[in-house]
Amino acid sequence: MPPTTKSLVSDSRSNGLDARECTVYRGGHLLIEDVSFNVSGGAALWLKGKNGSGKTSLLRAMAGLIPLADGQITLDEEELRECELHYIGHQDGLKARASVYENLEFYAALFEAPHLALKSQRKQEITRILKDLSLTSKVDAYVTDLSAGQKRRLALARLLIAPRPVWLLDEPLTALDDQGRDYLYKIIDKHCAGGGIVIAASHEPLDCATQSLTLGQATPTQSDGDS
Amino acid sequence: MRAYWAIFSQDIIMAWRLGNTSLAVAFLFIAVTLLPFGVGPELALLKRIAPGLLWVILILTMLLSLDRLFQSDLEDGSFDQLLLLNHAFEVIILTKILAHYFAIIIPVAIFLPIAGLMLNIDASALPGLALSILLAGPALSALGAIGAALSASVQRSGLLTALIVMPLYVPILIFGASVIGEPSSGLNWSSLGVLAAISLATMMLSPFAVAASLRGAER
Amino acid sequence: MSRKKIDWLQYYANPHNFMNLAQRVHLPLWGLAILALAYGLFLSFNAPADYQQGSSVRIMFIHVPAAWLSLFTYSFIAGASLIALIFRHPLGHVAARAAAPIGAIFTLATLITGSLWGQPIWGTWWVWDARLTSVLVLFFLYLGYMAIWRAIESPDQAAKMAAILALVGSVNVPIVKFSVDWWNTLHQPASVSRFARPAIHPDILYPLLTMGGAFFILFFALLVTRVQAEILEQRLRARYRGNLNG
């Protein structure tokens, strides 16, 4: 049984994910200015905004991939970028000339998940994940031979290999068909139920979101509930 | 430790599957085949220039293939994932540099004796030549990685990478080619020592330059 | 480093302040450069001709100072890049980028005058002696540096990559010099005479140093002009973009 995600709600002093006065530049221009929000354990935040409003940059800044010009993002008082998190960006992070199984096995080794140390454990877990993703028939296929939707599902599989408290997802719904979307909502719900946090940027409404944040306005508004 | 081994082995397997390894070996033989058409098949001449020429071909092979070193990782978003890991990015880079050494340079070194014999090289010079390439290889990968990283975000950066890396390779080429002296004298052991020292130094220092460049590269 | 010096750096980080300084300094610098060059050339033509090489030795008065400047400019680029990276000083990147073509021209001048100087002696237009070969590799360093500025689209990214390249290159320069010198001793054919260097006689040293000084001033005159042009171009681009956005 894979270990559950770190439970944030049960930790009494936990104040979840806190972002204060975040400022991000891109290409020399001010993109995001003075954005603050708070996401408690078990919540899913839907990041909204037009193209170019800085959704991707904010996610990348949260992950620590680009620098924050100003402000601070913390998870339980620790810098978020130092914490373990999952980030799934526009790119799939998959090796084209490797098979589906090889890609997942690579990530299992990369994340050094303790419950996947043995080859037999990995095989079992990967087979289970692929079954949930409806990719079992493609287990030995090269990623180049997959459809866009299948690649996207495979990219999402990463989330399940190693449990991490925070998930940062950039346009996760793209290229997913209805079945894929249902699966995504399922795993997000399960993650949040265990106290995890999800922050997803998306053009389309995110049904599982408990709060939303819109970028690109004069002052970002944070509203609870989905729009 | 598992993570490093996974990165190392995946890089080697990908280099093979993408054809980088085969292309490097093929280029070795392309160059060796073209040479006699240019300078004539006179065996004495070929024998004299063979060691230095093989070194130059190795340098050219590297210059022409380095732009592909980080290209796929940048394009498919792998670097994002590697940056997110708990491990020091510089050590990950060093792992990739070593993978490049094993995936590209060692295969070329293996086929080098055959290429050398095609050029009528003195058989006694072959061990020294191979040793010089094996000892200098890590430096070639480490310095080449700097060029590859600096131009990683540029499309079709082959010639740009070659231009950047060429001055870095000149000292290595000088010492590498000097290992084989006149056929009568033995190996130039001090040159081999210098090559080994350069390899150690570049392996330690270049990951920092490479990491700094890759962190700033726009995907 | 004293606080005063850092404040001075900070002051000129503002392009507006730099432009004020540049406008004041610009013409006097050029005037000084032209005067110094004229004086240096005058001295060079009046220096004694070498008994062996004749009047053509006077090319040395351009060749040697050009070599000095080609090396100095690269150090300048490395230094400016270092300051730009460590202190996040934007003008550091601009200065380094502006200096590069100047250094490349000095390097090219060194190579060409070296070839012209040597041709009557060697009977051929190029020999692979230690100094010319080192300078040739330095020329490639300049080309690579300029190429990377051009190749990367994002100006911030280009600045960072160019700065890293400049620093890596500056470590490489002494290594190249050392290894090329050594390589030259390895392959010293007995028949070819070494690149004859005239004995440093005061009659020769004085014009040499004057030309060196003149080139030095010329470098700064060119640099100030180019940095001004670069800043103006950036302003133009910003205004153009502003106009496009309405």
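Chain A of this predicted model carries five helices and ten strands. It runs to 227 residues, and buried ones account for 53% of them. As for how the chain folds back on itself, take the contacts between residues at least 6 apart in sequence: 68% of these join residues at least 24 apart. On the outside, chain A exposes about 10,200 Å², with carbon and sulfur atoms supplying 48% of that area.

Next, the cysteines. The disulfide count over all chains comes to zero, and two residues of chain A help to show why. For A:Cys22, the closest cysteine sulfur belongs to A:Cys83 and sits 14 Å away; since a disulfide needs the two sulfurs within 2.5 Å, that is too far for a bond. A:Cys22 is also buried, its relative accessible area being 0%. The story for A:Cys208 runs along similar lines: its sulfur has A:Cys192 as the closest cysteine partner, but the gap is 7.0 Å, so this pair is too far for a bond as well. A:Cys208 counts as buried too, at a relative accessible area of 11%.

Now for the contact between chain C and chain B. Chain C puts 24 residues into it, and chain B puts in 23 residues. The size of an interface is often quoted as the accessible area lost when the parts come together. Here, chain C and chain B bury about 2,000 Å² between them, and 82% of that lies on carbon and sulfur atoms. On the chain C side, the residues that lose the most area to chain B are C:Gln157, C:Met161 and C:Trp182, which together make up 24% of what that side buries.

What about charged and polar pairings across this interface? The search for salt bridges between chain C and chain B turns up zero. Polar contacts do turn up, with three residue pairs found across the interface of chain C and chain B, both residues of each pair being at pLDDT 80 or more. As to which parts of chain C are involved, the elements giving two or more residues to the side that touches chain B are helix 5 (130-151) and helix 6 (155-186) of chain C. Helix 6 of chain C makes the largest contribution to that side, with 15 residues.

Definitions and conventions:
Residues are numbered from 1 along each chain as its sequence is written. Chains are lettered from A and ligands numbered from 1 in the order in which they are written. This is a predicted model: local features need pLDDT of at least 70, side-chain atom pairs count only at pLDDT 80 or more; totals for chains, interfaces and linings use all residues. Side-chain values use heavy atoms; hydrogens and water are left out. Buried means under 20% relative accessible area, exposed over 50%, partly exposed in between (1.4 Å probe, protein chains only). Helices (H or I, at least four residues) and strands (E, at least two) are DSSP runs, numbered from the N terminus. Contact means heavy atoms within 4.5 Å. Accessible areas come from the Shrake-Rupley method with a 1.4 Å probe; for residues, only the protein chains shown count as cover. Buried area is the accessible area (1.4 Å probe) that two parts lose on being put together, summed over both. A salt bridge is a side-chain nitrogen of Lys or Arg within 4 Å of a carboxyl oxygen of Asp or Glu. A polar contact is a pair of N or O atoms within 3.5 Å; within protein, one must be able to donate a hydrogen and the other to accept it, and residues adjacent in sequence count only if both atoms are side-chain atoms.
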